[in-house]
Amino acid sequence: MLLLAVDTSGKQGSIALAQCGPHDACEIIKVAALSGGTFSAELVPQLAALLERHNFSKVDIGGFSVVCGPGSFTGLRIGLAVVKGLADVLAKPIAAVSLLEAVASAADSQGKVTAALEGGRNEVFLGEYEVSSSGVRLIRERMLTRAEWLDSSGEAIIVTPDLALAEAALAKGLPVRKVDRPRSDLIARLGWKKIAAGEIVSAEALEANYIGRSEAELFVKSG
């Protein structure tokens, strides 16, 4: 299956094409960067150019993997709108991937993992997961102030791409692992696992997961 992965959740974004098949295997064909602030003008032309460069057309796309939060309100809206439109026209499955899940996966650790991302206004997006060889199981996602997060953290390894959060956790004596911010190639691999397991969402039901101050609801709905 030719899989298109899209991430427009941050200041910078990316798209990826991957050829995915049995046994969770995904061969990444190409990752293309997207410049922050220009997603609305850049995403569709970049996608068209990427497909043409590798001798594909949009009808060759067999599925979609998209970051649906947390992140920039405008960025997420643009990426989701493009995926919704293409998936609806092509009648292809969508896997909705949490950026926090991708961060937790990037640590390459097993056991309890807490992914942390800057949320602005001294707040932190948190995703608590149980990571094993079989995959990543969500416990909960939520938003806390930085003080609340540091005071409530237990023994789980904290994983973050944000240097300030890593330094704050280290200063508190907490176990922390700094990782690179996930790119759309990882989003493709995580999305393919979801599609293969039947964890898909319809174009109509696909929604952004902004995560508020209250407990976040699961946003992936079976399509």
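**Exercise 1. Determine the strand order of the open sheet that contains β6, and identify its edge strands.**

Solution. The open sheet has 5 strands in the order β8-β7-β6-β9-β10, and its pairing is mixed. Strands here are DSSP runs of E with at least two residues, helices are runs of H or I with at least four residues, and both are numbered from the N terminus. Two strands pair if DSSP finds at least two bridges between them. The edges are held by β8 (135-145) and β10 (176-178); each has a single partner strand, so one side of each is left without a neighbour in the sheet. On average, neighbouring strands of this sheet are turned by 25° against each other, direction ignored.

The model is predicted: local features need pLDDT of at least 70, side-chain atom pairs count only at pLDDT 80 or more, and totals for chains, interfaces and linings use all residues. Residues are numbered from 1 along each chain as its sequence is written, and side-chain values use heavy atoms, with hydrogens and water left out.

**Exercise 2. Describe how β6 pairs with β7 and with β9.**

Solution. Begin with β7: strand β6 (residues 111-120) runs antiparallel to β7 (residues 123-132), and 9 bridges join them. Within this pair, Ala116 stands opposite Leu126, and Val113 has Tyr129 as its bridge partner. The two strands form a hairpin with 2 residues between them, and Arg121 in the turn has a positive phi of about 55°. Turn next to β9: its pairing with β6 is parallel, over 3 bridges. Here Val159 in β9 is the bridge partner of Ala115.

**Exercise 3. State which strands helices α3 and α5 touch as they pack on the sheet.**

Solution. Contact means heavy atoms within 4.5 Å. Axes are lines fitted to C-alpha atoms, for helices over the stretch in contact, and angles run from 0 to 180 degrees between N-to-C directions. Helix α3 (residues 99-106) touches β6, β7, β8 and β9 (157-160), and its direction makes about 130° with that of β6. Helix α5 (residues 163-171) touches β6, β7, β9 and β10, and its direction makes about 155° with that of β10.

**Exercise 4. Characterise the surroundings of strand β4.**

Solution. First consider burial (under 20% relative accessible area; exposed is over 50%, partly exposed in between, with a 1.4 Å probe and protein chains only). In β4 (residues 61-67), 7 of the 7 residues are buried, so the strand is largely enclosed by the rest of the structure. Then consider its partners. Strand β1 (residues 2-7) runs parallel to β4 and is joined to it by 5 bridges, with Leu2 opposite Ile61. Strand β5 (residues 94-97) is also parallel to β4, through 4 bridges, and Phe64 stands opposite Ile94.

**Exercise 5. Analyse the packing of α1 against α2.**

Solution. Helix α1 (residues 39-53) packs on α2 at an angle of about 35°, and their axes are 10 Å apart. From α1, Phe39, Ser40, Leu43, Val44 and Leu47 meet Gly75, Ile78, Gly79, Val82 and Leu86 of α2. By class, this contact has 7 nonpolar, 3 polar and no charged residues. Nonpolar covers Ala, Val, Leu, Ile, Met, Phe, Trp, Tyr, Cys and Pro; charged covers Asp, Glu, Lys and Arg; the others, Gly among them, count as polar.

**Exercise 6. Locate Asn55 and decide whether Asn55 is buried or exposed.**

Solution. Asn55 lies in the loop between α1 and β4. Its relative accessible area is 71%, and Asn55 is therefore exposed. The C-alpha atoms of Asn55 and Val179 are separated by 34 Å, and these residues are 124 apart along the chain.
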